[in-house]
Amino acid sequence: MSKNEFNNAIAALLKIKFGDVRKMKPNKRFLVAIDDGHGMDTAGKRTPKFKDGRFMYENEFNRAVAELLKIKLEEYGVETIMAALGDEDISLKQRTVTANEAKADLFVSIHANAYKGVWGNHGGIETFHYYGSVKGKKAAQIIHKHLIQGTQLRDRGIKEAGFYVLKYTRMPAILVECGFMDSVTDAKLLLTGAYREECASEICSGISEYFDIENQVDWKEKYSALMKRLKELVK
Ligand SMILES: [Zn+2]
């Protein structure tokens with residue numbers, strides 16, 4: 001190896017070291033409490049009847065998104081705890097106690113909205129955080145931004161509210177309303193696997209931006225590519 005080649009190799013190594021490697025550290029461990037909103041049979045939490053006489057429970061949507069979100073967060077090395085597993089209508093208090101006892105870093109409550117329970121042309125997504133919560137607001141802003149960009153649904157904005165799960169959780173907490181069950185257009189989406197997947201994916205992207213972490217699957221690929229380059233350089 002000539003002196004020039006040696007210097008080039010060192011320069012390349014330094015560039016890698018201070019550029020790529022810094023960003024490639026494994027993620028710090030985070031725990032997210034996922035709340036699927038209601039029990040399957042919570043009164044009133046369903047779409048109006050479709051033309052064929054069928055309807056969708058809100059929890060069918062919420063739970064599907066919650067379960068997809070859990071899987072997607074695993075790719076980021078983020079641990080999850082389900083605040084309300086099962087079909088029963090777990091009390092709001094129990095949901096917050098579960099998240100508080102687990103010392104979750106973030107609480108995410110997933111819902112589908114309703115206006116008057118009769119079909120209408122309203123629609124869109126809104127995201128809530130507790131009154132005056134700085135961290136809750138930050139999480140809400142980031143996750144809402146991803147949801148709006150990804151779904152292209154009407155942006156109803158970020159709102160403050162005193163909902164029980166936002167008030168009594170000790171970590172930053174947000175509640176997403178991913179479309180209206182009584183909206184002619186939104187309800188069709190809420191029924192589809194593709195839209196549920198999209199919501200979970202956007203919420204996951206928002207959470208990763210909020211925590212400032214990278215996808216660990218991508219990271220492993222980048223890491224092995226980097227190691228290959230390093231081996232070539234020191235040959
Ligand atoms: Zn709900």
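Reasoning from the predicted model

Helix 4 lies across strand 3, strand 4, strand 5 and strand 6, and runs at about 170° to strand 4.

User: What is the status of this model, and which helices and strands are in the protein?

Analyst: The model is predicted. The protein has eight helices and six strands. Along the sequence they follow the pattern α-β-α-β-α-β-β-α-β-α-β-α-α-α. Of the 235 residues, 37% count as buried.

User: What makes the pairing of the sheet mixed, and in which order do the strands stand?

Analyst: The order is 2-1-3-6-4-5, in an open sheet of six strands with mixed pairing. Strand 2 and strand 5 are called edge strands because each pairs on one side only. Neighbouring strands are turned by 20° against each other on average, with direction ignored. For the mixed pairing, strand 1 and strand 2 pair in the parallel sense over four bridges, whereas strand 4 and strand 6 (residues 173-180) pair in the antiparallel sense, also over four bridges. Examples of bridge partners are Ala 33 with Ile 81 in strand 2, and Thr 127 with Val 176 in strand 6.

User: How do you know that strand 4 and strand 5 count as paired?

Analyst: At least two bridges are needed for a pair. Strand 4 and strand 5 (residues 155-161) are joined by five bridges, so they meet that cut-off, and they run parallel. Tyr 130 stands opposite Ala 161 in strand 5. Between strand 4 and strand 5 the chain passes through helix 4 (residues 134-151), in a β-α-β crossover that is right-handed.

User: Why is the crossover called right-handed?

Analyst: The test is to view the strands pointing away from the viewer and to follow the path from the first strand over the helix to the second; a clockwise path is right-handed. The crossover from strand 4 through helix 4 to strand 5 is right-handed, so its path runs clockwise in that view.

User: What makes strand 4 a mostly covered strand?

Analyst: Six of the six residues of strand 4 (residues 125-130) are buried. Ile 125, Thr 127 and His 129 are buried on one side, and Glu 126, Phe 128 and Tyr 130 on the other, so both faces are covered.

User: How do you know that the buried residues of helix 3 line one face?

Analyst: The buried residues of helix 3 (residues 92-101) are Arg 95, Thr 96, Thr 98 and Ala 99. Seen down the helix axis, these residues fall within an arc of 155°, so they line one face. The face turned away from the buried side carries the exposed residues Lys 93, Gln 94 and Glu 101. The cover over the buried residues includes strand 1, strand 2, strand 3 and helix 5.

User: Why is Lys 103 called exposed, and what stands out in its backbone?

Analyst: A residue is exposed with 12 or fewer other C-beta atoms within 10 Å. Lys 103 has 11, so it is exposed. Lys 103 lies in the loop between helix 3 and strand 3, and has a positive phi of about 55° although it is not a glycine. Most residues other than glycine have a negative phi.

User: Why does Asp 212 count as exposed?

Analyst: Asp 212 has 8 C-beta neighbours inside 10 Å, so it falls under the limit of 12 or fewer and counts as exposed. Asp 212 lies in the loop between helix 7 (193-211) and helix 8 (216-233). Its phi is positive, about 60°, although Asp 212 is not a glycine.

User: Why is Glu 75 called partly exposed?

Analyst: Partly exposed lies between 12 or fewer and 20 or more C-beta atoms within 10 Å. Glu 75 has 15, so it is partly exposed. Glu 75 is in the loop between helix 2 (58-74) and strand 2. Leaving aside neighbours within four places in sequence, Glu 75 is in contact with Asn 215, Gln 216 and Val 217.

User: Which residues touch the most other members of the largest nonpolar core?

Analyst: Of its 49 residues, they are Val 32, Val 65, Leu 69, Ile 143, Ile 174, Ile 203 and Ile 207. Helix 7 gives the most to this core, with eight residues. Beyond its neighbours within four places in sequence, Leu 69 is in contact with Ile 34, Ala 200, Ile 203 and Cys 204.

Notes. Residues numbered from 1 in each chain as written. Predicted model: local features only at pLDDT ≥ 70, side-chain atom pairs only at ≥ 80, totals over all residues. Helix = DSSP H or I, 4+ residues; strand = E, 2+ residues; numbered from the N terminus. Arc of directions from axis to C-beta. Contact = placed C-beta atoms within 7 Å. Core = buried A, V, L, I, M, F, W, Y, C linked by C-beta atoms within 7 Å. Axes fitted to C-alpha atoms, helices over the stretch in contact; angles between N-to-C directions.
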